Structures are given as C-alpha cells and as structure tokens.
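Student: I am new to this structure and should be grateful for a close look at one part of it, namely the packing of two helices and the residues around them. Please set that part in the context of the whole chain.

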Amino acid sequence: MNRWRAIVFDLDDTLYLERDYVMSGFRAVAAWAEPHLKIPREQGFDELKKLFEQGARGTTFDQWLSAHDLFDPGLVQRLVALYREHEPSIAPFDGVAPLLRSLHETCCLGLLTDGLVAVQRRKLAALGLAEHFDVVVFSDEWGRDAWKPSPIPFNIVLERLQASGREVVYVGDNPQKDFSGARRVGMTTVRVRHPEGLYAQMEPLSPDHAPDLEITHVAALKEICAPCPSARAKQGVEAPRSVMCCDEGS
C-alpha cells in the first residue's frame, strides 16, 4: 500500500521538457515561413531559437517579423496559431513511463495542467502518457479563472479521485502557480526543479507559494513515494519530516 491515495502531476517541465515543445513549435512556424515569407527554414528556426534563448517571451514572433521588415499584427496571429495548432514532437523525461507504471501499482494517478485545452491535449497525446492516469483535468475547460493557482482545478481533481487533500500529493515545477492552490486544498506539494526547466531559477513569492519538497528529476518520487512505514523501514528510506503518510496522521 502506498502512503498516498493519489499522486497528481503537472505536465509542462514536470513530465517532459517544455523547451522541447517550444522548439517543436518554432520548427512548425519556420517550415511554414519558408514558402510564405521566403525565409529559409533553418535560418528561420535558428533565429527564433536565438530570440528564445535571449529571453524573448510573448513577443518572439513580433521581434522576428520586425527583424525581417515583415511585422503585421495579422501575420503575428497567424504564426501564433501555427505554433499552438502544430502536432508537437516531444517525449517524456527518461524513465517517466516506467515510473508512472510503478507508482500506479500502489495508488491512483492524476494529471492537472493549465494552458489552452486543445494545446494541452495534443501535448499529452504526443507524450503517450494518458493511459497511466485515472483522472485528467485540463483547467482551461472551466475557463481562465480556473487556471492555477486557483484552487478550483485542485478541488475538481480531488472530487474525481474521491480523495481528501491530505491524501494527495501534487507534483509541479512552477512556484508562481503550482503550489499555493494545492496547499489551499490540503495537498502536500513537490517541486521538480529540472536544471533546464523554464522556471528553474524562479523562487517562491512567499511561503504559501513554496513546495513542501524539492527534487531535480521526477524519478526521485520513487523513493519519496515509497510504500508505507513498515515497508519503507525495510528499504531504509526515511521520509522527510514535512511529509506525513496517510496512515500516520491523526
């Protein structure tokens, strides 16, 4: 028996590297731009990638088109649509699928992710991980007000899992929005601070935004979410003091 009734995961930069999705989108845009804007595909991709690496966020296409004297708001919207609607070429972090399979043997698994629902659905399909989850919640289905850090999607996932917050751990990467909502519904929180994650350098805004635990790769969950105390003792695994097992609480 696992000490948790369920483990709920964020998607981007938790189960795969979000940067890979960005690059996949840039390749789709660059492929379209070659015949339509007469910008060679490889040149276009390299320029978009460079803007991203220089810190461009939300204005990448504006800057790119301006550099080619092609800026037009309608064209920017066309590129944004191409980016959002492309079929992503992405893969889970190494070991994620076996980890989910192993965890699923002892507890329920859920997925709770923000972002445009159609985009997030395509990401999940491309990753091939949907079969591992008992519950999948796309917060966008309840409108923008339901995006994290709102507690709304966390309550929805708890309702669908038929679990209380104290029985569930939420695993995410972004301290700006992933943990405060989860904490408000009583979940224990774990941050995956992957070195290449988009928010790896971001620090919590307040104690309420901080996770209970922090790891650098989701594979570490295998020890953190080890079975109940007796089995954990046999394995020599010591639970962090901030983590309470379901059968250890009052």
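Tutor: Among contacts between residues at least 6 apart in sequence, 67% join residues at least 24 apart in this chain. The model is a predicted one. Its chain has 250 residues, of which 50% are buried, and its secondary structure comes to 10 helices and six strands.

The part to examine is the pairing of H1 with H4. Two packed helices are described by the angle between their axes and the distance between the axes. Helix H1 covers residues 18-37 and helix H4 covers residues 73-85; they pack at an angle of about 130 degrees, and their axes lie 8 Å apart. Angles of 65 to 115 degrees count as roughly perpendicular and those over 145 as roughly antiparallel; H1 and H4 are therefore oblique to each other. Their crossing is right-handed. On the H1 side, the contact is made by Tyr21, Val22, Gly25, Phe26, Val29, Trp32 and Leu37, while H4 contributes Leu75, Arg78, Leu79, Leu82, Tyr83 and Arg84. By character, the residues of this contact of H1 with H4 divide into 10 nonpolar, one polar and two charged.

The wider setting of H1 is a nonpolar core. In soluble globular proteins, nonpolar side chains tend to be buried together. The largest nonpolar core here has 55 residues, and those touching the most other members are Ile7, Phe9, Leu15, Phe26, Trp64 and Phe133. H1 supplies the largest share of this core, with nine residues. Tryptophan 64 deserves a closer view: leaving out residues up to four places away in sequence, it touches Val29, Ala33, Leu37, Ile39, Gly44, Glu47, Leu48, Leu51 and Leu79. Val29 and Leu37 of H1, together with Leu79 of H4, also belong to the contact between the two helices. A second core is separate from the largest one; it has 16 residues, including Val8, Val135, Leu158 and Ala182.

The loops that adjoin these two helices also merit attention. Most residues other than glycine have a negative phi, and most peptide bonds are trans. Lysine 38, which is not a glycine, has a positive phi of about 60 degrees. Lysine 38 sits in the loop between H1 and helix H2 (41-53), and it is exposed, with a relative accessible area of 67%. Aspartate 69, again not a glycine, has a positive phi of about 55 degrees. Its place is the loop between helix H3 (60-67) and H4; aspartate 69 is exposed too, at a relative accessible area of 72%.

Elsewhere in the chain, a loop residue can be buried instead. Histidine 132 belongs to the loop between helix H6 (117-127) and strand S3 (135-138). Because its relative accessible area is 6%, histidine 132 is buried. Apart from neighbours within four places in sequence, histidine 132 is in contact with Ala97, Leu100, Arg101, His104 and Leu109.

A further helix, H7, completes the view. The buried residues of H7 are Pro153, Phe154, Ile156, Val157, Leu158 and Leu161. Their cover includes strand S1 (6-9), strand S2 (108-113), S3, strand S4 (168-172) and helix H8 (180-184). In the loop between S3 and helix H7 (152-161) lies proline 149, and the peptide bond from lysine 148 to proline 149 is cis, with omega near 15 degrees. Just after H7, glutamine 162 takes a positive phi of about 55 degrees.

Conventions
Residues are numbered from 1 along each chain as its sequence is written. This is a predicted model: local features need pLDDT of at least 70, side-chain atom pairs count only at pLDDT 80 or more; totals for chains, interfaces and linings use all residues. Side-chain values use heavy atoms; hydrogens and water are left out. Axes are lines fitted to C-alpha atoms, for helices over the stretch in contact, and angles run from 0 to 180 degrees between N-to-C directions. Helices (H or I, at least four residues) and strands (E, at least two) are DSSP runs, numbered from the N terminus. Angles under 35 degrees count as roughly parallel, over 145 as roughly antiparallel, 65 to 115 as roughly perpendicular and the rest as oblique. A crossing is left-handed if the near helix is turned anticlockwise from the far one by less than a right angle, and right-handed if clockwise. Contact means heavy atoms within 4.5 Å. Ala, Val, Leu, Ile, Met, Phe, Trp, Tyr, Cys and Pro count as nonpolar, Asp, Glu, Lys and Arg as charged, and the others, Gly among them, as polar. A nonpolar core is a set of buried Ala, Val, Leu, Ile, Met, Phe, Trp, Tyr and Cys residues joined through side-chain atoms within 4.5 Å. Buried means under 20% relative accessible area, exposed over 50%, partly exposed in between (1.4 Å probe, protein chains only).
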